[in-house]
Amino acid sequence: MEKFEKLQGIAAPMPLVNIDTDMIIPKIHLKSIKRTGFGKNLFDEMRFNRDGTEIADFVLNKPQYRDAEILVAGDNFGCGSSREHAPWAIADFGIKCVVSTSFADIFFNNCFKNGILPIVLPQDQVDLLMADAEKGANARMTVDLEAQEITTSDGEVIKFDVDAFKKHCLLQGLDDIGLTMEKISSIDTFESKNAQERPWV
């Protein structure tokens, strides 16, 4: 998993509330268990008409937000089913950070496991970031995970909280497999000892 340290990028404003996982990646596209290839279907029913043409006024179809790496969203982001394809699609599209007043618990935890930083802030601070994002591509935000700070395009700094263990995993680029591999020496030692003491197993 790619390390998340400091991100400076375009933030896309999406003030909708209750964006569920079926809106993020519709169930019709859940045809693979690989983490890649879902970005093209992110927000599919909101981004595209039935004939496959783009819906021009959807935020991620606008020229200034096509390369967005930060999403500033409304309340209760990622609610609905627990499909991990939702953060897969977000990450595959290129979004590395989502800011909201609240997230569904399973989606929130799945973000960390897939290299995405979900940030929870009070409504007034989300409103401030939403307004900053609405300025377009020239208004780049900086998200500093080590310092736990978001800096707006105008230089205003907003502090955020993050669980220490989840922060460590993102900074080091560790998903569940990576965490296990950190213990490989201890695992090998245990397996070797166990094979000697219990050869019948």
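Me: What makes strand 5 and strand 6 a hairpin in this predicted model, and how many residues lie between them?

Reply: Strand 5 and strand 6 form the hairpin with four residues between them. In the turn, Q148 has a positive phi of about 60°. Within the hairpin, T142 has T151 of strand 6 as its bridge partner.

Me: How do you know that strand 5 and strand 6 pair, and in which sense?

Reply: Two strands pair if there are at least two bridges between them. Strand 5 and strand 6 (residues 149-151) have three bridges, in the antiparallel sense, so they count as paired.

Me: How many bridges does strand 5 have with strand 1, and what is the bridge partner of I10?

Reply: Strand 1 and strand 5 pair over five bridges, again in the antiparallel sense. The bridge partner of I10 is R140, in strand 5.

Me: Why is strand 5 described as largely enclosed by the rest of the structure?

Reply: Strand 5 covers residues 140-144, and four of its five residues are buried, so the description fits.

Me: Why is T21 called buried or exposed, whichever applies?

Reply: Buried means under 20% relative accessible area. T21 has 2%, so T21 is called buried. This residue is found in helix 1 (residues 21-24). Leaving aside neighbours within four places in sequence, its contacts include G78, C79, R83 and F107.

Me: Which helix gives the most to the lining of the largest pocket?

Reply: Helix 3 does, with three residues. The largest pocket has a volume of about 340 Å³. Its lining divides into seven nonpolar, three polar and eight charged residues.

Technical notes:
Residues are numbered from 1 along each chain as its sequence is written. This is a predicted model: local features need pLDDT of at least 70, side-chain atom pairs count only at pLDDT 80 or more; totals for chains, interfaces and linings use all residues. Side-chain values use heavy atoms; hydrogens and water are left out. On a 1 Å grid over the protein atoms alone, a cavity is a set of points where a 1.4 Å probe fits but cannot get out, and a pocket is an open set with protein on both sides within 12 Å along at least five of seven lines; lining residues have an atom within 4 Å of a point. Grid points are joined across faces, edges and corners, and a volume is the space filled by probe spheres set on the points. Helices (H or I, at least four residues) and strands (E, at least two) are DSSP runs, numbered from the N terminus. Ala, Val, Leu, Ile, Met, Phe, Trp, Tyr, Cys and Pro count as nonpolar, Asp, Glu, Lys and Arg as charged, and the others, Gly among them, as polar. Buried means under 20% relative accessible area, exposed over 50%, partly exposed in between (1.4 Å probe, protein chains only). Contact means heavy atoms within 4.5 Å.
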